[in-house]
Amino acid sequence: MSVTDPAALHDAFTTAINTSDVDALVALYEPDGIAVELDGSECTGAGPIRAMCAAMAQSIETIHGTTRKLYVTGDLALSSGRWTAKVRLPDGTLIDAEGVTTEVSRRQPDGTWRFVIDDPLF
């Protein structure tokens, strides 16, 4: 999934989760980026980010979100979104979850945008 407008990153993220498309989800992150998990732990690098994305795609039944704010300067973007989700816990219980995010994104040499830092509960 190629995102050529930083304003489209949140929509691309929710689409990838809702379709359980791990590859599309991973493609939204720089390989050496940082993604923060809901428990506050950090995933840094391609392998840990892929593992986190696979776990999210498996445990999140549905997610909806909106972009709250977006600031772009040159090849960098700072964004914040609001999300709600139905999350399946390891014991099978389905819970409602919500949060406000903060992300730093960077324009890649090919013109696409990817998350460099992603925190779902900033």
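Start at Ser2, in the segment that comes before α1. In this predicted model, Ser2 is exposed, with a relative accessible area of 61%. Now add Asp110 to the selection: the two residues are 108 apart along the chain, yet their C-alpha atoms are separated by 9.8 Å.

Next, move along to α1, residues 9-18. This helix is mostly covered, with 7 of its 10 residues buried. To see which ones, select Leu9, His10, Ala12, Phe13, Thr14, Ala16 and Ile17. For orientation, an α-helix has 3.6 residues a turn, so residues three or four places apart point the same way.

Step off the end of α1 and stop at Ser20, which sits in the loop between α1 and α2. Check the backbone here: phi is near 55°, a positive value in a residue other than glycine. Is Ser20 buried or partly exposed? With a relative accessibility of 45%, Ser20 falls in the partly exposed class, because buried would require under 20% and exposed over 50%.

Time to go inside. In soluble globular proteins, nonpolar side chains tend to be buried together. Here the largest nonpolar core has 26 residues. Show Phe13, Leu25, Leu28, Tyr29, Cys53 and Met56, the residues with the most contacts inside this core. Then colour the elements that each supply at least two core residues: α1, α2 (22-26), β1 (29-36), α3 (46-59), β3 (60-73), β4 (76-88) and β7 (113-119). The largest share, 5 residues, comes from α1.

Zoom in on Cys53 while you're there. Setting aside residues up to four places away in sequence, Cys53 touches Val22, Leu25, Val26 and Tyr29.

Keep Tyr29 selected and add Phe115. How are these two rings arranged? Their centres are 5.4 Å apart and their planes lie at 50°, so the pair is tilted; the tilted class applies because the angle is neither under 30 degrees nor over 60. The count of aromatic pairs comes to 1. Zoom out a little and you'll see that the pair links distant parts of the chain, with Tyr29 in strand β1 and Phe115 in strand β7, 86 residues apart. Both partners are buried.

Now switch on a surface or pocket display. Rolling a probe the size of a water molecule over the atoms shows where empty space is left. The largest pocket holds about 540 Å³ of space. Which residues lie nearest its centre? Pick out Phe13, Leu38, Met56, Ile60 and Pro120, from a lining of 30 residues. Phe13 and Met56 may look familiar, as both are also among the residues with the most contacts inside the largest core.

Colour the lining by element next: α1, β1, α3, β3, β4 and β7 each supply at least two residues. β4 gives the most, with 5 residues. Recolour by chemistry and the lining divides into 17 nonpolar, 7 polar and 6 charged residues.

For the last stop, select Ser41, in the loop between β1 and β2 (42-44). With neighbours within four places in sequence left aside, Ser41 is in contact with Ala35 and Val36. Ser41 counts as partly exposed, at 31% relative accessibility.

Terms used
Residues numbered from 1 in each chain as written. Predicted model: local features only at pLDDT ≥ 70, side-chain atom pairs only at ≥ 80, totals over all residues. Heavy atoms only, no water. Core = buried A, V, L, I, M, F, W, Y, C linked by side-chain atoms within 4.5 Å. Buried < 20%, exposed > 50% of the residue type's maximum accessible area, 1.4 Å probe, protein only. Helix = DSSP H or I, 4+ residues; strand = E, 2+ residues; numbered from the N terminus. Contact = heavy atoms within 4.5 Å. Phe/Tyr/Trp six-rings, centres within 6.5 Å; stacked < 30°, edge-to-face > 60°. 1 Å grid on protein atoms, 1.4 Å probe; cavity = no way out; pocket = protein on both sides within 12 Å on 5 of 7 lines; lining within 4 Å. Points joined across faces, edges and corners; volume = space filled by probe spheres on them. Nonpolar A, V, L, I, M, F, W, Y, C, P; charged D, E, K, R; others polar.
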